[in-house]
Amino acid sequence: MGSGKTTAAINFICSQGGEKFIYAAPYLDEAHRITLACFGRDFYEPPGDVGSEEEHIAKWPYFDFAVKDGKNIATTHALVKNVMVWHRDAIETVAKQSYSVIFDESPDLFSEFEQHTQDIAVLTKANLVSADEHRCVHWNSREKYLGDAYEALYSAITNGCVCAFVDENGKIESLFSAVPLDLFRQAKDVFILTYLWEASITCAYLKSEGINYDYWYIDSSGDAKMLTPEEQPFVPFTGIRELICFDCGRNDSAKRHGKAYLSFSWYENASKKLLLELGKAARLFARRSSQNGREYIYTTFKDFADAISSNSMKKHFVACNRRASNEFSNATAVGYFVNRYMNPNINKYFGQFGAAVPNNAYGLSEMVQFIWRSAIRNGEMIYLLIPSKRMYDILMDWLSVIEGCPNFRRIGCSEELIRWLCRKIPGYGKFLAEKASAANGEETVMVTLPLPATATVI
């Protein structure tokens with residue numbers, strides 16, 4: 001989120017002498033940044049056909065060679081996830097070579113399997129699939145499945161990558177694609193560089209699998225930022241609010257449609273008239289940005305991008321889950337035409353383990369990550385349009401907290417989210433206690449739990 005976590009990780013890698021690292025970034029350009037910045041550590045980038053769906057096939061032999069040879073490796077989330085799924089024997093080599101693995105941003109390791117509920121019912125009724133006591137899904141037929149309808153599901157199940165939510169009657173309600181976590185259990189260390197860690201699906205997945213983690217932090221006290229296990233004091237983020245000029249394009253639609261406005265389900269059920277109305281607002285935002293000489297980016301759910309975009313806008317579209325990229329840091333206008341909620345089926349699954357993710361915290365994490373792709377990460381002013389009242393309120397709550405003044409009196413505030421943030425931000429409990437003491441006991445929020453920091457070692 002522009003806090004310097006990648007820079008701190010680079011300095012940490014360069015300070016570790018003969019330690020071996022696998023650095024996984026979401027995108028190739030970010031992996032290449034590590035190779036250049038850590039030139040003294042001779043990072044190796046597995047070559048391959050960039051953008052090809054068979055990229056992992058092309059890169060795998062080079063990755064395998066590099067691991068066996070003990071080289072430092074800079075690559076992508078996609079390749080490391082592929083190794084975790086299809087080449088689990090390589091994980092043993094990673095363990096033997098005592099590699100530490102660093103993920104820049106949380107990797108996507110858990111998602112709902114795109115299989116219709118009627119398909120699940122047919123498969124379970126025919127006793128082709130079942131779930132064991134650990135909720136792992138098994139294919140019960142000894143014969144290899146040669147059809148097309150369930151090919152992807154069959155392949156994932158036979159590779160041990162599918163789990164299920166099972167109701168109290170033993171019925172499978174939903175299926176999930178789950179990347180095996182052998183790497184997290186066997187590598188020397190696994191670091192995840194991220195923000196609002198406990199608002200992530202990855203955190204919930206690790207909790208559900210009983211994998212513990214500790215928190216590391218960014219130490220900015222010296223000449224160079226560095227990762228450290230020592231908890232750092234909270235320092236209020238002052239000046240961020242002054243860098244955001246909220247676009248006046250927010251209309252009454254949010255009030256008419258309530259909290260669900262611009263959620264995925266809202267888009268699915270929206271009439272043509274409503275989508276046309278939203279499209280006009282999006283095009284007005286784009287036109288105003290261009291007329292004022294501002295480079296802009298905007299987002300919505302990919303399935304509905306065409307419904308609200310003109311042809312000239314499409315080159316400015318950025319996926320709403322885009323993160324860990326500096327590619328759009330010249331954008332001084334941001335249109336956020338989404339209202340993010342956790343997938344209810346995924347949260348239902350994690351809820352069995354007491355690991356459900358608060359919806360507002362998840363929405364905040366996704367929104368802040370997106371906004372910080374823009375020029376605000378460079379300390380520049382941006383123009384921000386958030387049509388969803390819920391998302392706007394969430395952002396206001398977060399700003400009040402990071403500025404050191406949690407605002408429970410603001411109309412429309414989410415007390416639950418503010419208290420969650422106060423418990424999770426590193427050093428915030430001590431900060432508020434000292435603030436209350438200095439104010440002679442004025443009412444404030446007393447908290448004790450630390451935040452998963454910008455770096456997490458597992």
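Guide: One term before we start: two strands pair if DSSP finds at least two bridges between them. Keep in mind as well that this is a predicted model.

Visitor: Okay, so which residue in strand 8 is the bridge partner of Glu112?

Guide: The bridge partner of Glu112 in strand 8 is Phe176. Strand 8 covers residues 172-178, and its pairing with strand 4 is antiparallel, over three bridges.

Visitor: What's the strand order in that open sheet?

Guide: The order is 4-8-7, an open sheet of three strands with antiparallel pairing. Strand 4 (110-112) and strand 7 (162-166) are the edge strands, and each of them pairs on one side only. Ignoring direction, neighbouring strands of this sheet are turned by 35° against each other on average.

Visitor: Phe176 again: which aromatic cluster is that residue in?

Guide: Phe176 belongs to one aromatic cluster together with Phe110, Tyr205, Tyr349, Phe350 and Phe353.

Visitor: And how many aromatic pairs are there in the whole structure?

Guide: A search of the whole structure gives 35 aromatic pairs. One of them joins Phe246 and Tyr392, whose arrangement is edge-to-face, with 5.2 Å from centre to centre and 75° between the planes. Phe246 sits in strand 12 (residues 244-246) and Tyr392 in helix 16 (residues 389-402), so this pair ties together parts that lie 146 residues apart in sequence.

Visitor: Is Tyr392 buried or exposed?

Guide: Tyr392 counts as buried, because its relative accessibility is 19% and the cut-off for buried is under 20%. Its partner Phe246 has a relative accessible area of 25% and is therefore partly exposed.

Visitor: Why is the pair of Tyr261 and Trp266 edge-to-face?

Guide: The planes of Tyr261 and Trp266 stand at 80°, with the ring centres 5.1 Å apart, so the pair is edge-to-face, given that planes over 60 degrees apart are counted that way. Both Tyr261 and Trp266 are buried.

Visitor: What about charges: which ring does Arg294 lie over?

Guide: Arg294 lies over the face of Tyr383, at 3.5 Å from the ring centre. Arg322 likewise lies over a ring face, that of Tyr27, at 4.0 Å from the ring centre.

Visitor: Switching to the other open sheet, what's its strand order?

Guide: That open sheet has four strands in the order 12-15-14-13, with parallel pairing. Strand 12 and strand 13 (296-299) are at the edges, each with a single partner strand, so one side of each has no neighbour in the sheet. From one strand to the next, the twist averages 20°.

Visitor: How many bridges join strand 14 to strand 15?

Guide: Strand 14 (residues 333-336) and strand 15 (residues 382-385) run parallel and are joined by three bridges, and Gly335 has Leu385 in strand 15 as its bridge partner.

Visitor: Which strands does helix 15 touch there?

Guide: Helix 15 (residues 359-371) packs on the sheet, in touch with strand 13, strand 14 and strand 15, and its direction makes about 155° with that of strand 14. Helix 12 (residues 272-291) also lies across strand 13, strand 14 and strand 15, where it runs at about 170° to strand 13.

Visitor: And what covers the buried residues of helix 17?

Guide: The cover includes helix 15, helix 16 and helix 18 (428-438). Helix 17 spans residues 415-424, and its buried residues include Leu417, Ile418, Trp420 and Leu421.

Visitor: Back towards the N terminus, then. How many bridges join strand 3 to strand 9?

Guide: Five bridges join strand 3 (residues 99-104) to strand 9, and the two run parallel. In this pairing Asp104 has Leu193 of strand 9 as its bridge partner. Strand 9 (residues 189-193) is mostly covered, with four of its five residues buried.

Visitor: Last one, Arg88: what does that residue touch?

Guide: Leaving aside residues up to four places away in sequence, Arg88 touches Val83, Asn159, Gly160, Cys161, Pro180 and Asp182. Asp182 is 94 residues from Arg88 in sequence, yet the C-alpha to C-alpha separation is 7.6 Å. Arg88 is found in helix 5 (residues 88-96), and its side chain reaches the backbone oxygen of Val85 at 3.4 Å. With a relative accessible area of 28%, Arg88 is partly exposed.

How values were computed:
Residues are numbered from 1 along each chain as its sequence is written. This is a predicted model: local features need pLDDT of at least 70, side-chain atom pairs count only at pLDDT 80 or more; totals for chains, interfaces and linings use all residues. Side-chain values use heavy atoms; hydrogens and water are left out. Axes are lines fitted to C-alpha atoms, for helices over the stretch in contact, and angles run from 0 to 180 degrees between N-to-C directions. Rings of Phe, Tyr and Trp (its six-membered ring) pair if their centres lie within 6.5 Å; planes under 30 degrees apart count as stacked, over 60 as edge-to-face and the rest as tilted. Buried means under 20% relative accessible area, exposed over 50%, partly exposed in between (1.4 Å probe, protein chains only). A charge sits over a ring if NZ of Lys or CZ of Arg is within 6 Å of the ring centre and within 35 degrees of the ring normal. Contact means heavy atoms within 4.5 Å. A polar contact is a pair of N or O atoms within 3.5 Å; within protein, one must be able to donate a hydrogen and the other to accept it, and residues adjacent in sequence count only if both atoms are side-chain atoms.
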